Amino acid sequence: MKRLLLPLMLIPLPCVAWSAPEPQASVPPASSSSNDLGAASTEMLNVIQALSGRWAVDVAFEPSPDFPKGALGKGEEFWHAGAQGLTLIDEENIGVPPQGIHLLGMLWWDSAEKKFHGMECVNQNPHACDPKAALNDVTITWDGKQLTIDEIQTSPAGKKSQWHETYSHITPTSFLQVGESGEVGGPFSKVVTLHGTRNDR
C-alpha cells in the first residue's frame with residue numbers, strides 16, 4: 001500500500017562531552033490538544049481538527065498481481081498534531097498477510113509557498129523514508145472537506161505513474177480513504193479502500 005503520507009528525518013548530532021545536569025522537573029510530552037496548537041496556521045488547524053484521533057480501519061485491496069483474489073485486513077491509524085501544531089502526524093499499522101504495513105506520515109503547511117507538503121516512512125521502502133519525493137513528487141490539497149494526496153512514482157525501468165489518494169466523507173466518527181493508481185493525470189484504477197471508525201472515545 002503506497003501512501004504519503006508523510007515523513008520524518010533524523011538529523012545526527014555530533015558527540016560532545018557533557019556532565020549530568022541537576023535533576024529537574026520532568027517536561028510533559030507534547031499533546032495534540034487545542035492548548036498545544038499555538039503555531040498552527042489556519043490551514044493546519046482545519047485539517048488537524050478533521051483527522052486527529054485514533055481510528056480503527058477496515059481495509060480491502062482490489063485484485064492485483066500481489067493479491068489475485070483481493071485481500072482484506074484490519075488496522076489502526078493514529079493522527080495527531082506535532083508540537084505547536086506545525087505538523088500533522090499519521091502513524092499506521094495495517095495487517096494484510098503476508099507482510100503487515102507500518103507507516104509514519106507527516107504533512108505540514110509551507111507558509112512561504114502557500115501549500116501543503118508531506119512525506120512518508122514505510123517498512124515497504126528499503127530506504128524507509130523518501131525526503132526527495134516529499135520535495136518534488138508529492139502534491140497535497142485540502143478543501144475543508146477532503147484531503148487529496150498525489151504522488152508521481154518512477155519504476156526501476158523509468159516509467160512514471162501516479163498514486164492518487166483521498167480522505168473523504170470525514171465526520172467526527174468516520175472517514176473513507178481510497179487509494180488509486182494510473183497514468184500521470186489519470187484515469188486511475190482503485191487499489192485499496194479503507195473505512196475508518198473513531199476508536200478513542
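The link between cysteine 121 and cysteine 129 is right-handed, with 110° about the S-S bond. In this predicted model, the two sulfurs sit 1.9 Å apart, and a search of the whole structure turns up just one disulfide. Cysteine 121 itself is tucked away: its relative accessible area is 10%, under the 20% cut-off, so it counts as buried.

Next, the aromatics. Five aromatic pairs show up in the structure. For tryptophan 79 and tyrosine 167, the ring centres are 5.4 Å apart and the planes meet at 85°, which makes the pair edge-to-face because that angle is over 60 degrees. Tryptophan 79 belongs to strand S2 (residues 71-81) and tyrosine 167 to strand S8 (residues 160-168), so this pair ties together parts lying 88 residues apart in sequence. Both partners are buried, tryptophan 79 with a relative accessible area of 1% and tyrosine 167 with 0%. Tyrosine 167 also pairs with phenylalanine 175, this time in a tilted arrangement, at 5.7 Å centre to centre and 55° between the planes; phenylalanine 175 is buried too. Ring pairs link these three residues and Trp55 into a cluster. Elsewhere, arginine 54 lies over the face of phenylalanine 78, 4.0 Å from the ring centre.

As for the largest nonpolar core, it has 34 residues, and Met44, Val47 and Leu147 touch the most other members. Helix H1 (residues 42-51) supplies the largest share of this core, with five residues. Setting aside neighbours within four places in sequence, leucine 147 is in contact with residues including Val47 and Leu51, and also with Trp79 and Tyr167, two members of the ring cluster.

Terms used. Residues are numbered from 1 along each chain as its sequence is written. This is a predicted model: local features need pLDDT of at least 70, side-chain atom pairs count only at pLDDT 80 or more; totals for chains, interfaces and linings use all residues. Side-chain values use heavy atoms; hydrogens and water are left out. A nonpolar core is a set of buried Ala, Val, Leu, Ile, Met, Phe, Trp, Tyr and Cys residues joined through side-chain atoms within 4.5 Å. Buried means under 20% relative accessible area, exposed over 50%, partly exposed in between (1.4 Å probe, protein chains only). Helices (H or I, at least four residues) and strands (E, at least two) are DSSP runs, numbered from the N terminus. Contact means heavy atoms within 4.5 Å. A disulfide is a pair of cysteine sulfur atoms within 2.5 Å. Rings of Phe, Tyr and Trp (its six-membered ring) pair if their centres lie within 6.5 Å; planes under 30 degrees apart count as stacked, over 60 as edge-to-face and the rest as tilted. A charge sits over a ring if NZ of Lys or CZ of Arg is within 6 Å of the ring centre and within 35 degrees of the ring normal.
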